[in-house]
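Colleague: Hi! I'm new to this one, so could you walk me through it?
Modeller: Happy to. Let's open it up and chat as we go.

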Amino acid sequence: MQKRVFSLCLFFFVSVSLLKAQDRLMLADTLLISGDTIIMLGDSIIIKQQVKPVYWENGGNFNLSLQQVSLSNWNAGGASNFALNTGLSLFANYKKDEIIWDTKLNVSAGFNSQSDRRFRTRKTNDNFIFISKYGRELTDLWFLTTQLEARTQLLSGYRYFRPSGSEFDSRSKLSDFLAPAYIQSSTGLNYRKEYDNKDRISIIASPFTGRFTVVLNDSLSNAGAFGVIPGENIRAEAGVSFGSTTDIQMLENIRWKADLNLFTNFERLGNFVVNFNSVISMKVNKYITTRIETILIYDERVLIQQAEGPPRQAVQLQNMINFGIGLDF
């Protein structure tokens, strides 16, 4: 008898528990709002939200360094001077399915002003570099890519000298805005590797490359500067190019970014035009940065004026070390 009573009680308890659970499920409400599902059980709310894919990644960096020296009745000699160097880097990268599109812009300018010379303010840095690369995936690491690259400067460039027997400096114009400008379009195979820490390496070989040298300043084009035919404003070439992009975290607060571009004309295979840009950034803290910037250019058609003797072929090298404000965004 006691076993029957205990079995009935146990059955009753289990039945009531199941009914309560069923009632709670029957009270659940489901709302569909813009593809999101909200399930409410009693006092609990469970929200399931779709994760929206992110196709664009963009950002940049701004840097500024200043130097000022003021002298008055300074017996040790010297001259008051002011120096400024600034740069802006922007990038926008797109990736969706089998398509990639990487674009970046680097603009830099620098000036030096010294009180005891005829032309007080002189340019020390002036670069404009735009690179855009569109590719379609062939494998995980290989892409068929088309790249457009444009390089020029924003302000006039001068060579300063003092004529024999003169007490004052003179200057002659060497370059100007869009004089020269180099525009290069290439299509080829691109090896592209990205790492979890955002390091990136890209190498592209382009058997089909068009390169245009633009000289829009009449006096420079009439002199046949930068390899154009005298009197012409544009020189077109076809050839082969090789390029690489490197973005590597070398140490915890040290990052290296570099771009290399090599171009050789079909008519003179093996004689390369070289453009190399390198920036090593060393962050002291969130706002203070030390930058080592190096630019190397070689073009056999560009003759460089020497301090003595006639112009000749030479490697152009610019190296800068800046300590100042650096803002990432």
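Colleague: Among contacts in the protein chain between residues at least 6 apart in sequence, what percentage join residues at least 24 apart?
Modeller: That would be 52% of those contacts. Please keep in mind that this is a predicted model.

Colleague: Got it. How many helices and strands are there in the protein chain?
Modeller: The chain has 19 strands and 2 helices.

Colleague: And what share of the residues is buried?
Modeller: Of the 329 residues in the protein chain, 32% are buried. As for the outside, the chain exposes about 21,500 Å², and 60% of that area comes from carbon and sulfur atoms.

Colleague: Speaking of the outside, which residues make the nonpolar surface patch?
Modeller: The patch is formed by Phe 62, Leu 88, Leu 90, Tyr 287, Ile 325, Leu 327 and Phe 329. Its area is about 610 Å².

Colleague: Which strands each supply at least two residues of that patch?
Modeller: Strand E5, residues 81-96, and strand E19, residues 316-328.

Colleague: Pick one for me. Where is Leu 90?
Modeller: Leu 90 belongs to strand E5. Its relative accessible area is 33%, so Leu 90 counts as partly exposed.

Colleague: Let's switch to charges. How many salt bridges does the structure hold?
Modeller: There are 17 salt bridges. In one of them, Asp 102 pairs with Arg 200, with 3.9 Å between the closest N and O atoms.

Colleague: Where do Asp 102 and Arg 200 lie?
Modeller: Asp 102 is in strand E6, residues 99-114, while Arg 200 is in strand E12, residues 200-214. They are 98 residues apart in sequence, so the pair ties together distant stretches of it.

Colleague: Is Asp 102 buried or exposed?
Modeller: Buried, because its relative accessibility is 10% and the cut-off for buried is under 20%.

Colleague: Why can side chains like these pair at all?
Modeller: Opposite charges on side chains can pair when the charged atoms come close.

Colleague: Nice. Which residue does Arg 162 meet in a salt bridge?
Modeller: Arg 162 meets Asp 169, at 3.1 Å from N to O. The two partners have opposite settings: Asp 169 is buried at 13% relative accessibility, whereas Arg 162 is exposed at 51%.

Colleague: And what about Asp 176 and Lys 173?
Modeller: Their side chains also form a salt bridge, 3.4 Å from N to O. Asp 176 is buried with a relative accessible area of 16%, and Lys 173 is partly exposed at 33%.

Colleague: Which residues do salt bridges with shared partners join into one network?
Modeller: That network is made of Asp 102, Arg 192, Glu 194 and Arg 200.

Colleague: Back to Arg 200 for a moment. What does Thr 246 touch?
Modeller: Leaving out residues up to four places away in sequence, Thr 246 touches Arg 200, Trp 256, Lys 257 and Ala 258. Thr 246 sits in strand E13, residues 234-251, and is buried with a relative accessible area of 16%.

Colleague: New topic: rings. How many aromatic pairs does the structure hold?
Modeller: It holds 7 aromatic pairs. Among them is a tilted one between Trp 56 and Tyr 94, with 5.0 Å from centre to centre and 55° between the planes. That pair links distant parts of the chain, 38 residues apart: Trp 56 is in strand E4, residues 56-69, and Tyr 94 is in strand E5. Trp 56 is partly exposed, at 43% relative accessibility.

Colleague: How are the rings of Phe 119 and Tyr 160 placed?
Modeller: Their centres are 5.8 Å apart and their planes are at 50°, so this pair is tilted. Phe 119 is in the loop between E6 and strand E7, and Tyr 160 is in strand E9, 41 residues apart. Phe 119 is buried at 17%, while Tyr 160 is partly exposed at 25%.

Colleague: Which charged end sits over the ring of Tyr 160?
Modeller: The one of Arg 122, 4.0 Å from the ring centre. Similarly, the charged end of Lys 96 sits over the ring of Tyr 55, 4.9 Å from its centre.

Colleague: Last one: which residues form one aromatic cluster with Tyr 55?
Modeller: Trp 56, Tyr 94 and Trp 101 form that cluster with Tyr 55.

Notes
Residues numbered from 1 in each chain as written. Predicted model: local features only at pLDDT ≥ 70, side-chain atom pairs only at ≥ 80, totals over all residues. Heavy atoms only, no water. Patch = residues over 30% accessible without salt bridge, like charges linked within 9 Å, V, L, I, M, F, W, Y side chains within 5 Å. Areas by Shrake-Rupley, 256 points an atom, 1.4 Å probe, with all protein chains shown as cover. Salt bridge = Lys/Arg side-chain N within 4 Å of Asp/Glu carboxyl O. Helix = DSSP H or I, 4+ residues; strand = E, 2+ residues; numbered from the N terminus. Buried < 20%, exposed > 50% of the residue type's maximum accessible area, 1.4 Å probe, protein only. Contact = heavy atoms within 4.5 Å. Phe/Tyr/Trp six-rings, centres within 6.5 Å; stacked < 30°, edge-to-face > 60°. Lys NZ or Arg CZ within 6 Å of the ring centre and 35° of its normal.
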